[in-house]
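User: Hello! I would like a close look at how some of the helices pack in this protein. Could you walk me through it?

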Amino acid sequence: MHIHILGICGTFMGSLALLARELGHRVTGSDKGVYPPMSTQLAAHGIDAGNGFDAANLTPRPDLVIIGNALSRGNVEVEAVLNQRIPYTSGPQWLADNVLQKRRVLAVAGTHGKTTTASMLAWILEQAGLSPGFLIGGVPRNLGISARAGTPGGVFVIEADEYDTAFFDKRSKFVHYLPEVAVLNNLEFDHADIFADLAAIERQFHHLVRLVPGNGQLVVADNEAALSRVLEMGVWSPVAHFGRTEQAQWRLSDGADERHFAVSAPQGAVTVEWGMSGEHNRRNALASMAAASAVGVTPEQSAAALATFASPRRRQEVRGCVNDIQVIDDFAHHPTAIAMTLEGLRAVPSEGRLIAVIEPRSNTMKLGTMKARLPESVTSADQVYWYQPATLGWSVVDVAEACSVPAYAVTTTEQLITSLVAQARPGDRIVIMSNGGFDNVHERLLNALEQCYGQTADA
């Protein structure tokens, strides 16, 4: 079958393309503004990510078009699909029909940490010998690819997003996944472009809870008021709580230092020694251990796997180092995620400064819904640069002026790079946070630092 994917370079749709290709289909696609790591991953597997949308991309006529949720009426290829009566479906529906129905699904949901937690869970299952299938909204460095089908009847890990499915299906994507195990990692207001308030998102999360069978498992964070309200709507499956409270069946406590933490599990206590940092990552790890336990993996096996876990691409990923100046890439695009990322980096001892660079780019950010929370989100940084995208409907100058740490507003990436090169000194860590390509700032900054110091960047 020839499958054509609209929006193929999105993290979900690009992963879907890999699955379709693995299952033996011919895969083509269209997108605009493509950027790594998805564009390079697709190219490495012989899949053309396309160069913009055009009705001519539908010649020869595909057997099926999968339409991403970023596409809407008015898009030239969407209109051509409808006018030519080409069969079409959504990504989540195709995945449910062709992959998930034949596998034991472990779904990871939550406002934050989905990619990292799903990557941890997939790696734990891999190291335990279960050879999981998976679809993750990023590229897990341990596994080297964002998606694979796995075997029918086997386990399948999926990052379960509450965003809507397609222009013709406004349900949350995760209601298509029918999980045996569902992780509810956290929940707060996001996606202001499609949800009116937090209560609307809570209702969608309860739709997911309704789908978990009675012999399945819910893995739910403790001390999360929104998740408690979700469960109060009705629960029909066993619930395992994780966190730091005495009531949590999977309980986290501090270890000897940042690189150690202790876990009290129903099966006993274990200590994890690993290379990650930050309370949010420890909680992500705890959630993944609890979910893995639901399919037979012991806490000891999970701890051994986490010892070798590497964060996914674009999650506190060190892109390079020049003259002892680190350039770090992170996907954070919500005030809570920004704060957690910076707190985690701050917890790692360093003699240099922590410099944050933030592009408010998400649909929620564009609406200004989170604007008032942004100054507080960067208090763990020593300096912060706020970048003004052309599509942003408000001024980052206001946010910069409200920050308690030195803050600067910039309107061009050239200005940003020039200022960073002038400011940076050995020992500094520059963390660049955006959920887009950000005009390839990471590599351009490393190149500029190389020219300044006459050195080659180290990975």
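At what angle do helix α6 and helix α7 pack, and how far apart are their axes?

Analyst: Happy to help. Please keep in mind that this is a predicted model. Two packed helices are described by the angle between their axes and by the distance between those axes, so both values are given for each pair below.

Let us begin with your pair. Helix α6 spans residues 198-211 and helix α7 spans residues 225-232; they pack at an angle of about 55°, and their axes are 9 Å apart. Angles of 65 to 115 degrees would count as roughly perpendicular and those under 35 as roughly parallel, so α6 and α7 are oblique to each other. Their crossing is right-handed. On the α6 side, the contact is formed by Leu198, Glu202, Phe205, His206 and Val209, while α7 brings in Ala226, Leu227, Arg229 and Val230. Sorted by class, the residues of this contact are six nonpolar, one polar and two charged.

Another helix pair makes a useful companion to yours. Helix α5 (residues 114-127) and helix α8 (residues 279-293) have axes that come within 9 Å and cross at roughly 45°. Therefore α5 and α8 are also oblique to each other, and their crossing is right-handed. From α5, the residues in contact are Thr116, Thr117, Met120, Leu121, Ile124 and Leu125; from α8 they are Asn281, Asn284, Ala285, Ala287, Ser288, Met289, Ala291 and Ala292. The contact of α5 with α8 divides into nine nonpolar and five polar residues, with no charged ones.

Helix α8 has a further partner to look at. The axes of α8 and helix α9 (residues 299-306) come within 9 Å and cross at roughly 135°. That angle makes α8 oblique to α9, and the crossing is right-handed. Here Ala285, Ser288, Met289 and Ala292 of α8 meet Pro299, Ser302, Ala303 and Leu306 of α9. By class, this contact holds six nonpolar and two polar residues and no charged ones. Ala285, Ser288, Met289 and Ala292 of α8 are also listed in the contact with α5.

It may help to place these helices in the whole chain. The protein is divided into domain 1 (2-91), domain 2 (100-307) and domain 3 (317-455). The C-alpha centres of domain 1 and domain 3 lie 32 Å apart. In the UniProt record, an unreviewed entry, the annotation "domain: Mur ligase C-terminal" covers residues 314-436. The end C-alpha atoms of residues 314-436 are 10 Å apart, and this span is 32% helix and 25% strand.

Two backbone details are worth a look as well. Most residues other than glycine have a negative phi, and most peptide bonds are trans. Ser131 has a positive phi of about 45° although it is not a glycine, and Ser131 sits in the loop between α5 and β6 (133-135). A cis peptide bond, with omega about 0°, joins Thr59 and Pro60. Pro60 is found in the loop between α2 (38-44) and β3 (64-67).

How values were computed
Residues numbered from 1 in each chain as written. Predicted model: local features only at pLDDT ≥ 70, side-chain atom pairs only at ≥ 80, totals over all residues. Heavy atoms only, no water. UniProt positions renumbered as here; feature names shortened; annotations may be inferred. Helix = DSSP H or I, 4+ residues; strand = E, 2+ residues; numbered from the N terminus. Axes fitted to C-alpha atoms, helices over the stretch in contact; angles between N-to-C directions. Parallel < 35°, antiparallel > 145°, perpendicular 65-115°, else oblique. Left-handed = near helix turned anticlockwise from the far one by under 90°. Contact = heavy atoms within 4.5 Å. Nonpolar A, V, L, I, M, F, W, Y, C, P; charged D, E, K, R; others polar. Domains from an automatic or database assignment.
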